Amino acid sequence: MKWYQMDVDRVEQKLHVTTNRGLSAKKVDERRKQFGLNVLETEKNTSKWLIFLKQFQDFMVLVLLAATLIAGLLGEYVDAIAIMVIVLVNGFIGFFQEQKAEKSLSKLKELSAPVANVLRDSEWSKIPSHELVVGDVVRINSGDRISADLRIVKSNSLETEESALTGESLPVMKHATAISKDQLDPQDQVNMGFMGTLVTRGSATGIVVGTGMNTVMGQIASLMVKTKKSVTPLEYKLAELGKILIVLALFLTALVVGIGVYQGHPVYNMFLAGVSLAVAAIPEGLPAIVTVALSLGVQRMIKKKAIVRKLSAVETLGCASVICSDKTGTMTENQMTVKEVYINGQYLYVSGDGYDIRGDYFLNKTKVDRAYPHLESMLLYGMLCNNSSLQVKKGKYLVDGDPTEGALLVAARKMGLSPTDDEQYKVIKEIPFDSDRKRMSVIVEDENKRRFIITKGAPDVLLPRSSFFLDDSGRKLLRAEDKKGIDEAINKMAEKALRTIAIGMKPISKNDSIDPISIEKDLTFIGLYGMMDPPRKEVKTAIKECKEAGIKTVMITGDHEKTARAIAINLDLLPSEGLVLDGYQLNQMSVTELRDIIERVYVFARVTPEHKLKIVQAFQEKGHIVAMTGDGVNDAPAIKASNIGISMGRSGTDVTKEASSLILMDDNFATIKAAIKEGRNIYENIRKFIRYLLASNVGEILVMLFAMLLALPLPLVPVQILWVNLVTDGLPAMALGLDKSEENVMKQGPRNPREGIFARGLGFKIISRGILIGLVTLIAFMLTYQNNPDNLIYGQTVAFTTLVMAQLIHVFDCRCENTVFSRNPFENMYLIFAVISSLLLLLIVIYWEPLQPIFHTTFLGVRDWMFILVLSALPTVLFGFTKK
Ligand code: ATP
């Protein structure tokens, strides 16, 4: 017998579980030991050895190793071993960098891994989906991706989309009744939920019947192709640039070797020097360092509560020019409190804060009690048409479920209704809330088996569906003038920034169809709730900072236009000339029409998720880079279409998280700003070390080229060149990747996404500093060598030290877009540490006697150092006085 053929009791019996208690911790443990984790085994890890060996697969490194081997065979042991060691150390550094990047990426994966809502030992909790075991009782909601195979035991209008499994993209209705037929395909097993499929509507409870490779998805998992590692646009651009630079470096190296041989240097010496130079000058590691910088930046973002799902988003973040943000929960706390109730044509004020159930109702400052007409029924209906519950933790009331619904429970408790007051009613059916319908209904049956429907929702959606209303004297026909009165009340509440919810009901008979279109009409309007949702404290400043950074903030909300406007004004988001558009106006406009006015719009109210897509498109047509937030299932298309899709870590659904490139762990708007700032900074840091590395390389090549042109001996020997490449290019470059942002990073407009790597003067900076570094090294060598023609090693030591020092000073210049004097060099302690360690290594190579023959160095005196320092500071100091 298959799971879908068994009735629920049978499934429970077989798996030794009851639906209302779930498994015990002990059973979970046993089953995990027996069946393992709930994961699909589709990816194999690359072995560490392979990653290590990969560091040496570069063509020029192989040539260098071969050349060194020949040198060793010819008896040049010292040089050969020194070069080998340097190459090996270089390999290790590359390996560790890659490991680090890999680790932070897998940590990211863990953070954004899906969770499941599971009942164990009678308590609901959220656990990582891979910890599910067979027999677990789980709850699934609209927007979830189902994480194991389930037998549905209770369905609330559940619909799932199973295209991942069956290719069929139309949603399938699911129920809980057993099916007697045999040999059913997955798509016909309509009481099962399958791993990897999506909940598009409703909710359900299910028992896990298959995990990991024992699911229907697991059976086809072996057919799934492993997703390729994606390359970010910047990594791609750099890889392309790298190819050009390789050719250029090889050409220049060949030139150095050619001229050297022509000038009479021994071919073998020139060959080894040439290959070393090529290895040093080719920025083969650039894309790798970029990945490291990106992933380190991503780790910093995690600390600021932003999880980046796609590395490429880090680059795009810096270009964002518009943030379209949901209001509820992102700009506001999503902590709803009913402050006013409109009933019988009168306003009642409700005291109390947050979810605390202490509070009273007042009519014109006089306390009212349950005897006030219809109030008790209204509050009871609010409790019945409700999926949330109130919990007390550490003496504080918390809402489990939708805060809007939680607020209704609190409002009822303030009037003395008890949590069990709704137990005499049975909910027969629920027509769920979604942001498109903006309403929710339940059909309930009382003790006398009388049925009625209760609908609550946005007032402007509910009123057109109402034909009656209640006042002190009872039910009356709802005429145009009565509607006008209610509309006024809605406006009044909304102008006070209150979120409004209307509630209505209608008696029905058992035979009435429960189709939402025919049943949610001719309602009796009972009253309005006005609830307060305070803005998050930090949002106002964040919006201001975004404005200074040239980023426009746009509020998008399902709430009433007036509520949205009031909150937007409160947050300083809506300038006096700014427009507020609502969903009805949006419906009348084409994308092009919207595009033409969109620069003036700051708030979109009463929108449905479909409108969001239109908004993204209109902004994009205006050339904007759009960041768009979303939480519900229907937000996914807009999130996908935007340049930076942002989803909510707490309230977001799996579907939106999967579509997004950034997840806000705290659902907070201010986190978007922090992420954009970090994104801008990471890009600037990448520019900084590209500048540093390439200028260093230009310097290294030029000093050799100039020396050969002037018929001088080699100013640097191969080990020295490789040492420079290893030490000065390694640590300081990494430290630049960790640099703090410049103060003005959020005071400039967003970066143009089409700008090239060398934009904003970077190319000039690289070439100009590179030439100067080459020149001062050459001058240092020439002057020393001319005065001591028989002590070549002395000249080479001076040249080597000057080159290293010039680079170590120049690294501070690379931190600044303006002049080097504009920033405090001690801000970046990593850099200070990197420079001091490079310096120490330099001193060891110069002064530790056993190393001198290996590195072709000799002692330097105080006067040498003064001479070296003056020369090596020149490239940085000279440009410090210009602003270029
Ligand atoms: P955003 O998150 O985009 O700022 P929102 O979450 O406020 O918007 P929706 O959740 O789509 O927007 O709500 C729109 C309207 O639907 C609300 O103003 C309210 O009147 C009504 N509404 C909200 N939640 C419920 C609910 N649980 N049941 C019935 N009606 C609701």
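A polar contact is a pair of N or O atoms within 3.5 Å; within protein, one must be able to donate a hydrogen and the other to accept it, and residues adjacent in sequence count only if both atoms are side-chain atoms. The structure is a predicted model, in which local features need pLDDT of at least 70 and side-chain atom pairs count only at pLDDT 80 or more, whereas totals for chains, interfaces and linings use all residues. Residues are numbered from 1 along each chain as its sequence is written, and side-chain values use heavy atoms, with hydrogens and water left out.

**Domains**

- The domain assignment, which is automatic or taken from a database, divides the chain into domain 1 (3–43 + 112–220), domain 2 (235–301 + 676–880), domain 3 (318–332 + 536–667) and domain 4 (346–532).
- Taken over C-alpha atoms, the centres of domain 2 and domain 4 are 71 Å apart.

**Ligand site**

- The ligand is surrounded by 20 residues, a residue being counted if one of its heavy atoms lies within 4 Å, and the closest are T328, D402, R499, T500 and D559.
- Because domain 3 and domain 4 both give residues to this shell, the ligand lies between them.
- By class, the shell holds nine charged residues (Asp, Glu, Lys and Arg), four nonpolar ones (Ala, Val, Leu, Ile, Met, Phe, Trp, Tyr, Cys and Pro) and seven polar ones (the others, Gly among them).
- Oxygen atoms of the ligand lie 3.5 Å from a backbone N or O atom of I556, 3.0 Å from a polar backbone atom of G558 and 2.3 Å from an N or O atom in the side chain of D559.
- Taken alone the ligand exposes 620 Å², of which the protein buries 93%, with accessible areas computed by the Shrake-Rupley method with a 1.4 Å probe.
- The elements that give two or more residues to the shell are α13 (403–414), β18 (451–457) and β21 (499–508), where helices (H or I, at least four residues) and strands (E, at least two) are DSSP runs numbered from the N terminus.
- The largest share of the shell, three residues, comes from β21.

**An eight-stranded sheet**

- Eight strands form an open sheet in the order β8-β28-β27-β26-β9-β23-β25-β24, with mixed pairing, where two strands pair if DSSP finds at least two bridges between them.
- At the edges stand β8 (306–308) and β24 (579–582), each of which pairs on one side only.
- β8 pairs with β28 (residues 662–664) in the antiparallel sense over three bridges, and A306 stands opposite L664 in β28.
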